[in-house]
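Q: Could you walk me through the pocket and the ligand in this one?

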Amino acid sequence: MASQVRIAPSILSADFARLGEEVQALESAGADWIHVDVMDGRFVPNLTIGPPVVKAIRAVTKLPLDVHLMIVEPERYIDAFADAGANCITVHVEACTHIHRAIQHIHARGLRAGVSLNPSTSEETVRYLISSVDLVLVMSVNPGFGGQAFIADVVPKLDVLRKWAVSSGRDIDLEVDGGVTPETAPIVCAAGANALVAGSAIFGGGNYARAIAQLRAAAGS
Ligand code: DX5
Ligand code: ZN
């Protein structure tokens, strides 16, 4: 496991009218990655942002852009998000029929490739992808909205995925998204997570540096 836990604030909870400033504030506050939640109103019941917004964020930060595609047929948009400046693109196993091909496509664009699992989706769906991906994103809420309660039932998946990642001999990030707080962070990190997405826990209190430091401390890194 990577020694330092990565903190990836989700800009879904940012003030979109001041998005550039918000991203710069996160960078100054010690964020490791910027997590970008892309929703299409089909895979999830919400609409958010697309490649032009990613391009605009790219211009104001040097942090890696961790783009989480909650969209059907994500393979159709890999090039657009790569062109916009994404560093890592994560696609859902539930949204993609030929997910191995999608991973190859992301790699062919020179980016890190991630796969994500909804809370009710078994880790078995990524068993034969583990040697191909750079990141596995375990959803700990049903995707679509920020501010939902953490679903503890997903925690055993992390143990299994971490074992598989270690066995693969590759440096695979295990990221958790949804309801991550200083209370839940220790639980997921003890189970093998090394990257934490957080929206409400960072934007809720107003002091981003303190919130990020609290998550790091809770994660034990
Ligand atoms: C949910 C998104 C998450 C979400 C996290 O569909 O993928 O990134 O914004 O928000 P919190 O931390 O508030 O659960
Ligand atoms: Zn997300």
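Q: What classes of residue make up the lining of the largest pocket?
A: This is a predicted model, and in it the lining of the largest pocket has 11 nonpolar, 11 polar and 2 charged residues.

Q: How many residues is that lining, and which lie nearest the centre?
A: The largest pocket is lined by 24 residues, and those nearest its centre are G146, G147, D177, G178 and G179. Two or more lining residues come from each of β2, β8 and α7, the last spanning 200–203.

Q: And how much space lies in there?
A: About 270 Å³ lies in the largest pocket, and the space in question is the one taken by ligand 1.

Q: OK, on to the ligand, then: which residues are closest to ligand 1?
A: Ligand 1 is surrounded by 20 residues, with D37, G144, D177, G199 and S200 the closest. By class, that shell has 8 nonpolar, 10 polar and 2 charged residues.

Q: Which polar atoms does D37 put by an oxygen atom of ligand 1, backbone or side chain?
A: For D37 it is an N or O atom of the side chain, 2.6 Å from an oxygen atom of ligand 1. D177 likewise uses a side-chain N or O atom, at 2.7 Å from a ligand oxygen, whereas G144 places a polar backbone atom 2.7 Å from an oxygen of ligand 1.

Q: How much of the accessible area of ligand 1 does the protein cover?
A: On its own ligand 1 has 380 Å² of accessible area, and the protein covers 99% of that.

Q: Which strand gives the most to the shell?
A: That is β2, with 3 residues; β2 (34–39), β3 (65–70) and β8 (195–198) each supply at least two.

Conventions: Residues are numbered from 1 along each chain as its sequence is written. Chains are lettered from A and ligands numbered from 1 in the order in which they are written. This is a predicted model: local features need pLDDT of at least 70, side-chain atom pairs count only at pLDDT 80 or more; totals for chains, interfaces and linings use all residues. Side-chain values use heavy atoms; hydrogens and water are left out. A residue is near a molecule or strand if one of its heavy atoms lies within 4 Å of it. A polar contact is a pair of N or O atoms within 3.5 Å; within protein, one must be able to donate a hydrogen and the other to accept it, and residues adjacent in sequence count only if both atoms are side-chain atoms. Accessible areas come from the Shrake-Rupley method with a 1.4 Å probe; for residues, only the protein chains shown count as cover. On a 1 Å grid over the protein atoms alone, a cavity is a set of points where a 1.4 Å probe fits but cannot get out, and a pocket is an open set with protein on both sides within 12 Å along at least five of seven lines; lining residues have an atom within 4 Å of a point. A molecule sits in a cavity or pocket if more than half of its atoms lie within 2 Å of its grid points. Helices (H or I, at least four residues) and strands (E, at least two) are DSSP runs, numbered from the N terminus. Ala, Val, Leu, Ile, Met, Phe, Trp, Tyr, Cys and Pro count as nonpolar, Asp, Glu, Lys and Arg as charged, and the others, Gly among them, as polar. Grid points are joined across faces, edges and corners, and a volume is the space filled by probe spheres set on the points.
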